[in-house]
Amino acid sequence: IQQVTFGNAGEVLLATRRGGVGVLTTSGGYAITRRDSLIDDNIYDILERPGRPRLYACGAGLCAQVDDTTMVSFQAGAGLPRGEAQQVVGDAQTAYVRVACRGIFQFDGRHASAVDAPGGVSFVDAMSISLGPDHALWVAGPDWVVVRRNGKWLKVETPARPGARWHTIVADGAGAFVGSSDGVVFALNRGTQFNVSLGDGLPGADVASLRPDGNGSAWFVSGGRVVSASATAQRVAVEKAPLDAEAVEISPAGGLVVAGRWTVSRKNDAGWADMSPDIDEPDMAFASVFVDRQNMVWVGARSGALYRYDGEIWLRYAEPNVSTGPLRDVRAFRASDVVLLGSTPAQCVNGSWSRFSSWDSTATVVDLATDSNGDWFAATSDRVFRYDAAHGAWQSVGVDGASASARATWKTPAPITALSFDDAGRMFVGTTDGFGCITRGQARWWNAGDGIGGERVRDLATDGTTLWVGYGEDGMTAIPLAELR
């Protein structure tokens, strides 16, 4: 047996040397050989795709099984050179065939054309090919590896293996794994994951209020202290900021503001400057901070009061309100309306909180986020809602982003805890058991068993290259976005 794959009907397909194709089903098995019009019984590879003919890479070329009784052979007349077709890979649109000592050919179902190699390599020497879920084509040669993404070839740096050759390559969408003839496997283009925990320098096991600075670092709160982490240098530093920190925020101008339990501070060249609201309150305790696009500083209090600072004076924007509870997350919607994240979203109108009539009163918000288009999303433990600014209403959305029933729940592996978007529009959903990525209506989930560094997600944030994950008990992980495909 030279290769094993699975058929669309669940059967096991065996590519054999000089024995044709073996087919194993739940009721038995049978063989497909030259008697069934295969062009050769030496089968190297099999490609199975939904809705497309099954392709066999044979010792005499390429063969397609159209149905149970029809085989079509493709050799020199179809653009494939004479030789052993040793590999066939592909997706729903196209297939690639590696012909030994001849090169790599793109096959559209009827005709094949040679794939041009980048400078410095020859596909006549190619040893293995693989097509990832991201449609990237990887090719391994004796001492080189190249990858084609979006029509451009890139040579991938690989360690030197004196006396050994690269023998096989497998892509998985985030990168690829290449194996050498001396039994060594290397991971390529995986990036490096950065994990820190209590024993690695964090003042506490929990991480909250993650705010990337856009320069490869992020700020957050851990154990009541303000901490900075650098994904590039892979180190953390605890700031000499006021204790009992509740939340951090980075302004559009790059300034850092921290809301402590009883103080509000701003970082400057000399250290930390106190800028607490000079307003008489019986219990001045803060819970959140936000800086809008106009550099207005908004601070939410545990009493339900909201304060705004324009750089000169503080203004009590909303009176204390017991029914709202602590303002754990305050956001400015398009630099005008103010949205509260509490048990339910509310809008501040003329100093008073106004509930949204469209909001399901039984749905408790766990996080609020904005996507790359500026639209607001609110997450509950089992649903996600989008804010319709034109109608001033919240609408339930499905995994595909389309409107859904207000009661439609998401099939997440665990209750939702956090929400974030990257610049490409992908939605990242934190849960009590890892996190997921939602893109083009498809969801993929990771948990501690996948090596993400933690379990219960408390906060998520992204910058141009990194997903920052704060956990409730396991510290923080910074994961390159390129790995999460």
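Phe 177 lies in strand E18, which spans residues 176–180. The model discussed here is predicted. Phe 177 has a relative accessibility of 34%, and therefore counts as partly exposed. Together with Val 170 and Val 185, Phe 177 makes a nonpolar patch of about 270 Å² on the surface.

Towards the N terminus, Thr 5 is placed in strand E1, residues 3–6. Its relative accessibility is 18%; because buried means under 20%, Thr 5 counts as buried. When neighbours within four places in sequence are left aside, Thr 5 is in contact with Glu 11, Val 12, Leu 13 and Ile 46.

A hairpin is found further along the chain. Strand E7, residues 61–65, pairs with strand E8, residues 71–74, in the antiparallel sense, and the pairing runs over four bridges. Five residues form the connection through which the hairpin joins E7 to E8. Within this pairing, Ala 64 has Val 72 of E8 as its bridge partner.

Cys 63 falls within the residue range 61–65 of strand E7, and its relative accessibility of 0% means that Cys 63 counts as buried. A disulfide is a covalent bond between the sulfur atoms of two cysteines. The structure holds zero disulfides. Cys 63 accordingly takes part in none, and the nearest cysteine sulfur, belonging to Cys 58, is 5.4 Å away. The cut-off for a disulfide is 2.5 Å between the sulfur atoms, so a separation beyond that does not qualify. For Cys 101 the closest cysteine sulfur is again that of Cys 58, but it is 18 Å away, which is too far for a bond. Cys 101 is exposed, because its relative accessible area is 57%.

Charged side chains form the next topic. Side chains of opposite charge can pair when their charged atoms come close. The salt bridges number 13. One of them brings together the side chains of Glu 246 and Arg 261, with an N to O distance of 3.7 Å. This pair links distant parts of the chain, 15 residues apart: Glu 246 belongs to strand E25 (residues 245–250), whereas Arg 261 sits in the loop between strand E26 (256–260) and strand E27 (264–268). Arg 261 counts as partly exposed because its relative accessibility is 31%.

Glu 246 also meets the side chain of Arg 328 in a salt bridge, with an N to O distance of 3.7 Å. Here too the pair links distant parts of the chain, Glu 246 in strand E25 and Arg 328 in the loop between strand E32 (314–318) and strand E33 (329–333), 82 residues apart. Arg 328 has a relative accessible area of 47%, and is therefore partly exposed. Which residues are linked in the network of salt bridges that contains Glu 246? The network consists of Glu 246, Arg 261, Arg 302 and Arg 328.

A further salt bridge joins the side chains of Glu 319 and Arg 316, at 3.9 Å from N to O. Arg 316 falls within the range 314–318 of strand E32. Glu 319 counts as partly exposed because its relative accessibility is 44%. Arg 316 is likewise partly exposed, since its relative accessible area is 28%.

Note on methods
Residues are numbered from 1 along each chain as its sequence is written. This is a predicted model: local features need pLDDT of at least 70, side-chain atom pairs count only at pLDDT 80 or more; totals for chains, interfaces and linings use all residues. Side-chain values use heavy atoms; hydrogens and water are left out. Patches are made of residues with over 30% relative accessible area and no salt bridge: like charges are joined within 9 Å, nonpolar side chains (Val, Leu, Ile, Met, Phe, Trp, Tyr) within 5 Å. Accessible areas come from the Shrake-Rupley method with a 1.4 Å probe; for residues, only the protein chains shown count as cover. A salt bridge is a side-chain nitrogen of Lys or Arg within 4 Å of a carboxyl oxygen of Asp or Glu. Helices (H or I, at least four residues) and strands (E, at least two) are DSSP runs, numbered from the N terminus. Buried means under 20% relative accessible area, exposed over 50%, partly exposed in between (1.4 Å probe, protein chains only). Two strands pair if DSSP finds at least two bridges between them. Contact means heavy atoms within 4.5 Å.
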